[in-house]
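Good morning, everyone, and thank you for coming. Please look at the sequence and the structure as they come up, and keep them in view while I speak.

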Amino acid sequence: MKSHEVLSLIEEITRKDGSKYFELSNMVQNGRAELAVQRDLLKEVRILQLNIPRSSHVINYEKYINQNFEMPLEAFTEYQEWHKTEEAQNDLNAILKDNHIE
């Protein structure tokens with residue numbers, strides 16, 4: 001079963017190799033990312049902006065994520081990064097620009 005998450009924040013995720021990327025998330029998913037840091041699967045997670053406006057880009061990106069990924073159970077042993085289509089990446093880039101990030 002796929003997720004039905006409402007995405008409402010922007011976070012910066014630092015991979016183990018030190019490279020960083022931005023992700024649209026929510027508090028529960030951010031908690032999973034923080035748990036991944038504790039389990040040494042990620043290096044760092046920072047919330048950059050809370051309560052982002054619900055634009056058409058947010059709605060499109062949210063649909064893509066919900067149709068293609070599931071919320072990890074708390075007992076996960078590896079961190080799954082959301083790989084994006086070009087269209088989903090374009091929506092995320094527009095969200096970052098709209099929120100003055102990047």
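Let me begin with a definition: Ala, Val, Leu, Ile, Met, Phe, Trp, Tyr, Cys and Pro count as nonpolar, Asp, Glu, Lys and Arg as charged, and the others, Gly among them, as polar. Please note also that this is a predicted model.

I turn to the largest pocket, which has a volume of about 280 Å³. It is lined by 18 residues, and those closest to its centre are Glu70, Pro72, Tyr79, Gln80 and Trp82. Under the definition just given, the lining comprises nine nonpolar, three polar and six charged residues. Which elements each supply at least two residues of this lining? Strand S1 (9–14), strand S2 (20–25) and helix H1 (27–38) each do so.

Helix H1 also holds methionine 27. Together with Ile47 and Leu50, Met27 makes a nonpolar surface patch of about 290 Å². Is methionine 27 buried or exposed? Its relative accessibility is 52%, and exposed means over 50%, so methionine 27 counts as exposed.

Finally, I would draw attention to two backbone angles. Asparagine 51 is not a glycine, yet it has a positive phi of about 50 degrees. This asparagine 51 sits in the loop between strand S3 (44–50) and helix H2 (56–68), and with a relative accessible area of 67% it is exposed. Histidine 100, likewise not a glycine, has a positive phi of about 60 degrees. Histidine 100 belongs to the segment after helix H3 (86–98), and its relative accessible area of 74% makes it exposed.

Thank you for your attention.

Note on methods:
Residues numbered from 1 in each chain as written. Predicted model: local features only at pLDDT ≥ 70, side-chain atom pairs only at ≥ 80, totals over all residues. Heavy atoms only, no water. 1 Å grid on protein atoms, 1.4 Å probe; cavity = no way out; pocket = protein on both sides within 12 Å on 5 of 7 lines; lining within 4 Å. Points joined across faces, edges and corners; volume = space filled by probe spheres on them. Helix = DSSP H or I, 4+ residues; strand = E, 2+ residues; numbered from the N terminus. Patch = residues over 30% accessible without salt bridge, like charges linked within 9 Å, V, L, I, M, F, W, Y side chains within 5 Å. Areas by Shrake-Rupley, 256 points an atom, 1.4 Å probe, with all protein chains shown as cover. Salt bridge = Lys/Arg side-chain N within 4 Å of Asp/Glu carboxyl O. Buried < 20%, exposed > 50% of the residue type's maximum accessible area, 1.4 Å probe, protein only.
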